Amino acid sequence: MRDKGEYLFTSESVSEGHPDKVADRISDTVLDTFLEQDPYARVACETLVTTNRVVIAGEVRGPASITPELLMHRARLAIQDIGYEQEGFHWQHAKVECHLHAQSAHIAQGVDAAGNKDEGAGDQGIMFGYACTETPDLMPAPLYYAHLILRRISELRRSNDISVKGLLPDAKSQVTLRYIDGKPVGVTSVVVSTQHEEGLDQAQIKAMVKPLIESSLPAGWMCADNELYINPTGTFVIGGPDGDCGLTGRKIIVDTYGGAAPHGGGAFSGKDPTKVDRSAAYAARYVAKNVVAAGLADKCTIQVSYAIGVAKPLSVYFDLHGTGHDVDEVKLAKVVQELMNLSPRGIREHLHLNRAIYVPTSSYGHFGRTPDDEKGTFTWEKTDLVPALKSAFGR
């Protein structure tokens, strides 16, 4: 986003009941099932969901005790947890198929460590990380508030709060902010579409949702009522996988920075941490967040690139968008690589990624979340590199 002038910028979010997020949740459930039994299992799992049907496919390497029957059972429990007990998509009645097969030996030989060869990247690719000072979590504000609105609706729905009685799992939000000289100053429009039970009308849903939107935004930021669009199509009863097919990895901008920063193109869910699409994107966010948290810049983008089977990143690039505080970007790239090993093994070990920690990432974004030391989740959101970064730049 620009740092000068006045402009509008928009980001969207989707709930855990959105068809694509249901698919992400199932893929990460499969991944966590393997990592629970073998921290070094290999998983690349894709899921398709549609009317009363779930298809799980991909390649794995892990314990024989993890059977298709177990994975299909776990998939049903995931759907139940999301809240789907509808005629067109029901956790008990949907047909679940599992078509996982063994990982290619040719991929394995490039990734596995052997002799003097370190573990290589699971694929080629470019990954980006980003952080900025727009919110306390150092995330872009439009995405931050789009996520927050849906999370509040979800929390109330899951707790059976009467204030949202009749709302169902599938939902989307969209928040447009006005920026002046690179800083957000207010909301110009909000869109929320939420699935609901038969019999609720648009006015009733607006009465439920509007207070949650307003309380999610900073004081004085709420848009005018004529720019508030709640279920703008009217009725939204048929939703979730019954209303639209869902696929793993189809909400990568929702998963990352809401379009405020570049994306390398690779999806995250269903991939074990040898896949740099996931692990290196987490490492890039970790580094960018620590740079901003250290006060070295107000905005930071980092790009890293890899080749399949090669441990060392091919490139590390920083852009501080003109907001750096007497920080040379070339020196920053050198310092960061001295502080953190950006090889696949180095990332996994530094961020403790070989654990069953991925289901919570499958909705409401992989970034801008609160680390949980007890559960080991969202380690890439920690700011423990700040002291070393400050020291390296004499702060």
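The following dialogue works through the cavities, the largest pocket and the helix packing of a predicted model.

User: I should like to start with enclosed space. How many cavities of 30 Å³ or more does a search of the whole structure find?

Analyst: The model is predicted, so every value here is computed from predicted coordinates. A cavity is a set of points where a 1.4 Å probe fits but cannot get out. In this structure the search returns two such spaces of 30 Å³ or more. The largest has about 90 Å³ of space, and the second largest has a volume of about 50 Å³.

User: Which residues lie nearest the centre of the largest cavity?

Analyst: One reads a cavity through its lining. Here 14 residues form the lining, and F128, H263, G264, F268 and A281 are the ones nearest the centre. The elements that each supply at least two lining residues are β7 (125-132) and α8 (276-293). Of these, β7 provides the largest share, with three residues.

User: How does the lining of the largest cavity divide into nonpolar, polar and charged residues?

Analyst: Eight of its residues are nonpolar, five are polar and one is charged.

User: Which residues line the second largest cavity?

Analyst: Its lining consists of S15, E16, L150, I153, S154, R157, L168, P169, A171, T194 and Y364. Two elements, α4 (141-158) and β8 (167-180), give two or more residues each. The largest contribution is that of α4, with four residues. By class, the lining of this second largest cavity comprises six nonpolar, three polar and two charged residues.

User: Let us turn to open space. What is the volume of the largest pocket, and which residues are closest to its centre?

Analyst: A pocket, in contrast to a cavity, is an open set of points. The largest pocket holds about 350 Å³ of space. Its lining has 17 residues, and R157, N160, L167, L168 and E197 are the closest to the centre. R157 and L168 also belong to the lining of the second largest cavity.

User: Which elements supply at least two residues each to the lining of the largest pocket, and what is its composition by class?

Analyst: The elements are β4 (85-86), α4 and β8. Again α4 gives the most, here with three residues. The lining is made up of six nonpolar, five polar and six charged residues.

User: I now wish to read helix packing. What describes two packed helices?

Analyst: Two packed helices are described by the angle between their axes and the distance between the axes. Take α4 and helix α5 (residues 202-216): their axes come within 9 Å and cross at roughly 130°. An angle from 115 to 145 degrees counts as oblique, and α4 and α5 are therefore oblique to each other. Their crossing is right-handed.

User: Which residues of α4 and α5 meet?

Analyst: From α4 the participants are Y145, L148, I149, R152, I153 and L156, and they meet V209, L212, I213, S215 and S216 of α5. This contact contains eight nonpolar, two polar and one charged residue. I153 of α4 takes part in this contact and also lines the second largest cavity.

User: At what angle do the axes of helix α1 and helix α2 cross?

Analyst: The axes of α1 (residues 19-37) and α2 (residues 68-82) cross at roughly 130° and come within 9 Å. This pair is therefore oblique, and its crossing is right-handed. On the α1 side the contact is made by V22, R25, I26, T29, V30, T33, F34, E36 and Q37, and on the α2 side by L70, L71, R74, A75, A78, I79, D81 and I82. In class terms there are 10 nonpolar, three polar and four charged residues in this contact.

User: Is the crossing of α8 and α10 left-handed or right-handed?

Analyst: The crossing of α8 and α10 is left-handed. Helix α10 (residues 344-351) packs on α8 at an angle of about 60°, and the axes are 10 Å apart. The two helices are therefore oblique to each other. V276, S279, A280, Y282, A283 and Y286 of α8 form the contact with P344, I347, H350 and L351 of α10. Eight of these contact residues are nonpolar, two are polar and none is charged. Helix α8 thus appears in two settings: it packs against α10, and it supplies at least two residues of the lining of the largest cavity.

Terms used:
Residues numbered from 1 in each chain as written. Predicted model: local features only at pLDDT ≥ 70, side-chain atom pairs only at ≥ 80, totals over all residues. Heavy atoms only, no water. 1 Å grid on protein atoms, 1.4 Å probe; cavity = no way out; pocket = protein on both sides within 12 Å on 5 of 7 lines; lining within 4 Å. Points joined across faces, edges and corners; volume = space filled by probe spheres on them. Nonpolar A, V, L, I, M, F, W, Y, C, P; charged D, E, K, R; others polar. Axes fitted to C-alpha atoms, helices over the stretch in contact; angles between N-to-C directions. Parallel < 35°, antiparallel > 145°, perpendicular 65-115°, else oblique. Left-handed = near helix turned anticlockwise from the far one by under 90°. Contact = heavy atoms within 4.5 Å.
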